[in-house]
Amino acid sequence: MAVKRPSGPKSSGIMGSASQFSEDEPAFLLESIKKYGDLVYFRLAHLHTYLVGHPDLIREVLVTQSDKFEKAPLDKQILGKFLGNGLLTSDGDFHRRQRRLAQPAFHSKRIHNYAKVMLDYANQIMAGWENEAVVDITEEMMHLTMLIVSKTLFDADAIAESGDTAVTIGSAMEDLQAVSNRDYQRGVSLPNWVPTADNRLRNRAVAEFNKVMDQIIAGRRQTAVNGQVEDSGDLLSMLMLSVDEDGEFMDDKQLRDEVATLFAAGHETTSNALSWTWFLLAQHPETEAKLHAELDSVLAGRQPTLADLPNLPYSLQIIKEAIRLYPPAWILNGRLALADVELGGYTVPKGSTVFISPYVMHHLPHYFDEPDAFKPERFTPEFEKSLPKFAYMPFGGGARVCIGNAFAMMEAQLILATIAQNYRLTLAQTEPVRYNTQITLTPENGIQMKVVERETAVSPTPELALA
Ligand code: HEM
């Protein structure tokens, strides 16, 4: 019997809707939900795709019926080539075990210790800026978040013999993400042994990454006392110290996969959040002025600290609004239906792919008045309480909600406060800024910005400056 499908854009020919989709994916998805309703069907080549655009149905997929789904094969295939069987790409019981093992590393007490690292590196980045210089802010933010993730994950700058570890790993990661982006564009990832330029690049980058990580892990094991790895305060220590209910630790391969996953998931996303924030602030001087007023009145010229964050609500509202408009994870990984699933009055057949897009949800006028406008003021506690869960979802939801959510928000708020206290960033390009939508929502060709010292600027206090 033919399956009754929800309506959706016309999907004819071998490729279905693939070419309209790839022209501008977020716009295509948003228009589809606006036009056809809460559940939309279209075909992307051989993939039968269902796009979910209502919070209640999203809850079904991510929470109530989540056991009927797993991460889609294309995501696993492409991302798995460098993230192995880490948190982002694994499923089922194995994922649940790994999530339990990794969770303590993200305990609030633990991540609060990273505030100083975040502030130190923000100061270090600013120290490289000359007044009125033009920088590509996406490169600056990427470099900054990469330094932070390397330090907080595996204490990168403590590893003298590996040279500049953060840079080695960072450039391997950049190559891996670039190749993966191209795989997503092609909609296929050829087996590693096929001698294409991209496969060669990926194989080399994976080997480089693994070599450095193996050295780091072996170093930790060497200094273990009675088999107990020393807790050096970073995320890797915590992962190495975690035991499951059978008393088992993660093995070295699994540790490597988790570190690669946290490195990849944890820096480009936050970097994009910040780049979009600077871009939006530069176009909204009244918001920028209000931010400066908050910083000046709360901090009165001293550096922000973790303890100040609750007293800087406007800076948090700015970030929340920036990642509403430009959610770095603009679409969740596809979910493969493992069985027929009843959803919104339809049957989503086994083998279909379900898409959920934070970008789409965040631009629906039903939940966000003037959805395209940058209005940090909307994020009042009352508004947030009134929003249905999953209408605003920059970090996903359910059991697979982003594990680095609190880490990322703390990092973004600290960096915003530290830099905005010292600099105004103004747009220094006339070409429009467009987004690029591969793995994350990135400014397509970077954003050229002029960094202008503020008159009330503070210089880093000596105890915060990096040694
Ligand atoms: C603004 C910054 C960030 C955004 C917008 C973001 C967004 C997301 C989203 C939407 C998911 C769910 C993906 C899905 O369900 O398919 C996710 C998962 C994940 N994120 Fe983040 N993330 C951010 C920062 C971070 C940071 C800083 C880390 C780690 C240091 C991190 C680590 C992870 C991991 C490991 C997962 C997989 C969790 C699981 O499946 O159990 N993320 N992130």
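User: What relative accessible area does Asp 231 have?

Analyst: This is a predicted model, in which local features need pLDDT of at least 70 and side-chain atom pairs count only at pLDDT 80 or more, while totals for chains, interfaces and linings use all residues. Residues are numbered from 1 along each chain as its sequence is written, and side-chain values use heavy atoms, with hydrogens and water left out. On a scale where buried means under 20% relative accessible area, exposed over 50% and partly exposed in between (1.4 Å probe, protein chains only), Asp 231 is partly exposed, with a value of 40%.

User: With which residue does the side chain of Asp 231 meet in a salt bridge?

Analyst: A salt bridge puts a side-chain nitrogen of Lys or Arg within 4 Å of a carboxyl oxygen of Asp or Glu, and the side chains of Asp 231 and Arg 110 meet in one at 2.9 Å, N to O. The pair links distant parts of the chain, 121 residues apart, with Asp 231 in the loop between α10 and α11 (235-241) and Arg 110 in helix α6 (residues 108-112); helices (H or I, at least four residues) and strands (E, at least two) are DSSP runs numbered from the N terminus. Whereas Asp 231 is partly exposed, the partner, buried with a relative accessible area of 12%, is Arg 110.

User: Which residues are linked with Arg 186 in a network of salt bridges?

Analyst: Asp 183 forms a salt bridge with Arg 186, their closest N and O atoms being 2.9 Å apart, and since the two are 3 residues apart in helix α9, they are separated by about one helical turn. Arg 186 also forms a salt bridge with Asp 198, again with the closest N and O atoms 2.9 Å apart; because Arg 186 lies in helix α9 and Asp 198 in helix α10, this pair ties together parts that are 12 residues apart in sequence. Arg 186 is linked in the network with Arg 182, Asp 183, Asp 198 and Arg 202.

User: Is Asp 183 buried or exposed?

Analyst: Its salt-bridge partner Arg 186 is partly exposed, with a relative accessible area of 48%. Asp 198, the other acid paired with Arg 186, is buried at 13%. Asp 183 has a relative accessibility of 2% and therefore counts as buried.

User: Which residue is the single protein donor to the iron atom of the ligand?

Analyst: Donors are N, O and S atoms within 2.8 Å of the metal (3.2 Å for Na, K and Ca), and water is not among the atoms, so sites may look incomplete. The iron atom has a single donor from the protein, an SG atom 2.3 Å away. That atom belongs to a residue in the loop between α16 (381-386) and α17, namely Cys 402.

User: Which element gives the most residues to the shell around the ligand?

Analyst: The shell, counted by heavy atoms within 4 Å, holds 26 residues, of which His 95, Arg 99, Arg 335, Arg 400 and Cys 402 come nearest. A polar side-chain atom of Arg 335 lies 2.8 Å from a ligand oxygen, and a backbone N or O atom of Leu 87 lies 3.3 Å from an oxygen atom of the ligand. Two or more residues each come from α5 (92-102), α12 (252-283) and α17 (405-422). With 6 residues, the element that gives the most is α12.

User: Against which elements do the buried residues of α4 pack?

Analyst: Helix α4 (residues 73-83) has as its buried residues Asp 75, Ile 78, Leu 79, Lys 81, Phe 82 and Leu 83. Just after α4, Gly 84 takes a positive phi of about 55°. By contact, meaning heavy atoms within 4.5 Å, the buried residues of α4 pack against α9 (165-186), α10 (197-222) and α12.

User: What positive phi does Glu 370 have?

Analyst: Most residues other than glycine have a negative phi. Ala 45, in the loop between β1 (39-44) and β2 (47-52), has a positive phi of about 50° although it is not a glycine. Glu 370 is placed in the loop between α15 (358-362) and α16 and counts as partly exposed at 47% relative accessibility. Also not a glycine, Glu 370 has a positive phi of about 45°.

User: What distance separates the C-alpha atoms of Asp 67 and Ala 337?

Analyst: Asp 67 lies in the loop between α3 (55-64) and β3 (69-71), where it is exposed, with a relative accessible area of 64%. Along the chain, Asp 67 and Ala 337 are 270 residues apart, and their C-alpha atoms are separated by 9.3 Å.

Notes
Polar contact = N/O pair within 3.5 Å; in protein donor to acceptor, adjacent residues only side chain to side chain.
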